[in-house]
Structure formats: structure tokens, C-alpha cells
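Here are three short exercises to work through with the structure open beside you. Try each task before you read its solution.

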Amino acid sequence: MMKSFKYHLKVTCPSNANSYIIYPILLLHHRHIVSFSLSSSQLTSCCEIDQIILHLSKMSTLKTFSLSIGLGNDHKLLSPFFMLQHLKHLKLQNCVFQPPSSFYGFSSLKSLYFHNVSITPKVLLRFIFNCPLLKSFTLQIEDEKHLTGCWNSDFVELFTCLPMIEHLCMNSSPLKYFASGVLPDKLPIALVHLRVLNVSGLCFAKEVDLRCALLLVTSSSNIEKITMEMCYTSEVVSQSAMNLIDLVDYCNVTLDRLCELEIRNMANVKPEMDFVKLVLGKSPMLKKVGIVIDNRVAVNAEVKMLRELLQYQRASTNAKIIFERP
């Protein structure tokens, strides 16, 4: 019996010339392709990409697909892309995601990475709702032009669509849009499977950012690692953010599996310190707290921060605090 071979194709293009070459070679390739990746800082949108995707859509063996546009306009994904129904892992960067009405999702998808993907909230929610096996979700939006349509959805809607999520990575832009409505103190649907949380661009001087972080953390009782990258600001801390943690009852919150907390670009502001204090007091298995302060924090403020941190009550006697500048 002839042995069946499976191929993993990864192409890093120094220019679009390579994508022109790939397509005719791919047409001659009748073997099983399991994964395909096309990325480059110099790659621009072109029709050859659509031809490549059309060819791949005829293969039931494709499990992983990655497309990263580096320059120029975003690449609009055409209907053949949405026929890749056996995908388990999908990564898109600088693309336009506008599926046909007949498309609902990829039923086998386990990991999804969207970086500057133009999509409406209605499409996004319908898409991830119809990916019932999704365990890893990254949503990074740096340019607000990618936030198309009316973003009036809320956190409850979003996380109702992510019942199995284990790894979540988001930056502040989509978080704030999903937090445009009234934020509850705790999600009605607990994120019991969430193990790793990575959030960037937060500013705890603003109530909405602080509420987003608290909502995610306190709704994730089985969380194991939290990573947050703060956005330094010279703005005065809002009064509502200043005392928010003091005014909310977190007696029933437990973070029994949290092992590591990492905060980067931390400043000497009360809400950030209160957040660390809350986590320290709720995490009996905590082993490491890594804090990197912002370079703009004065030396005397740095000393004050460290002194306060060392005085906070810790649920874990093994928690080691690493406090440093970048």
C-alpha cells in the first residue's frame, strides 16, 4: 500500500513575487496539505492569495491556516475561504472578514487569532458562537477603522459565545467596545475553563478599564495565569475608579488555582495597587508576582509602591514578588 504523506507549508514572502510563484506550484501539488501559512511584513493584498485559498478549499485535510498582510490595504476574504470547514487553527492579520449569509462558523475550530481584522460585532458573535470547540481566542485591534458596524454588544453576549475558552488575549480597544453598556460586577456565566488571561492597553485611572479587568478576573475561578500590560497616563484618576474595589464586595471571590500574576508598565496609582492587593489576598496557590513599573515613575514613588506591596496580606505564603524597572 502506498504511504500517504501530509505537508505543512509555511511561506514567508520578502515581497509579493513569492505569492505569484507559489500558486502555480500549489496547483501541481496533489498531496495532503495539513497546514498553510503565508506572512510577511512586505506582503500586500493580491488576487493570487484568493487563487491559493481557492485551491486549498478543495482539500479536506487542511487543519491550520494563517494569513498575515504586512502592507497596504486589508485583504478581503472571498467565499472560498469560508469553505475551509475542517480548520482547527486560524490566524488572520489585516484582513476583512465578511462571510456570506450561509456561513456560520467553523465547527472544528479550536484556536482563533484576529489581529486588525475588520469585522462587525454581529458577525463576530455569530462566528464564535458557531465555533463550539473554541479554546483559545486572541482579538487585537490597534486601529479603530477595523471596528466596523455598531458595537453595542456587551460582555455577557461575548462570553456566552465562549463557553469553553481556556486562553483569552485581548487589547483595550475591543474590550471597551464590548463594555459600552452597563457592566455587571460579575458575569452571570462563569468562565470556569479559562486558564490564561492576557490583556493589554488598560488604564485603571478610567473606571471602564478597571471594571473590565475585575469582571474577567473575578468571573474566572480556575484562572492560572494573569498578564496585564498597563497604558501609562498622566490623567487624574476618576473618583469612581479611585474607590471602586473598596466599594464592591469580593468576599465570595476565590482564585484558588492562580499561580502567576504579571503586570507591566505599572504606575503609582491607587486602583492598580488595589487590584494587586485584591489578587494577593484571594490566591492561596500564588507563586510569582512579577511587576515591571513604568520608567516615568519617580524613585520616591517606586519606594512607596514597594513598601506598600510588601505590607499587603497574602493568601499564599510562597508568593514571591519581583519588582523591577524595564
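**Exercise 1. Find which helices each supply at least two residues of the lining of the largest pocket, and which of them gives the most.**

Solution. Bear in mind that this is a predicted model.
- Step 1: List the lining, which consists of Ile245, Asp246, Val248, Tyr250, Asp274, Lys277, Leu278, Gly281, Lys282 and Gln313.
- Step 2: Match these to the helices; α8 (244–247) and α9 each supply at least two residues.
- Step 3: Look for the main contributor, and you arrive at α9, with five residues.
- Step 4: Sort the lining by class to get four nonpolar, two polar and four charged residues.
- Step 5: Add the volume of this pocket, about 270 Å³.

**Exercise 2. Work out how helix α6 packs with helix α9.**

Solution.
- Step 1: Locate α6 at residues 207–218 and α9 at residues 270–282.
- Step 2: Take the geometry: the angle is about 5°, and the axes lie 12 Å apart.
- Step 3: Angles under 35 degrees count as roughly parallel, so α6 is roughly parallel to α9.
- Step 4: Pick out the residues that meet: from α6 they are Leu210, Ala213, Leu214 and Val217, and from α9 they are Pro271, Phe275 and Leu278.
- Step 5: Class them, and the contact has seven nonpolar, no polar and no charged residues.

**Exercise 3. Decide which elements have the lowest and the highest mean pLDDT.**

Solution.
- Step 1: Start with the chain, whose mean pLDDT is 88, with 89% of its residues at 70 or more.
- Step 2: Compare elements: strand β1 (residues 6–12) is lowest at 52, and strand β5 (residues 89–93) is highest at 98.
- Step 3: Check residues 1–6, where the pLDDT is below 50.
- Step 4: Where pLDDT is low, the predicted coordinates should not be read in detail.

Note on methods
Residues numbered from 1 in each chain as written. Predicted model: local features only at pLDDT ≥ 70, side-chain atom pairs only at ≥ 80, totals over all residues. Heavy atoms only, no water. Axes fitted to C-alpha atoms, helices over the stretch in contact; angles between N-to-C directions. Helix = DSSP H or I, 4+ residues; strand = E, 2+ residues; numbered from the N terminus. Parallel < 35°, antiparallel > 145°, perpendicular 65-115°, else oblique. Contact = heavy atoms within 4.5 Å. Nonpolar A, V, L, I, M, F, W, Y, C, P; charged D, E, K, R; others polar. 1 Å grid on protein atoms, 1.4 Å probe; cavity = no way out; pocket = protein on both sides within 12 Å on 5 of 7 lines; lining within 4 Å. Points joined across faces, edges and corners; volume = space filled by probe spheres on them. pLDDT = per-residue confidence, 0-100.
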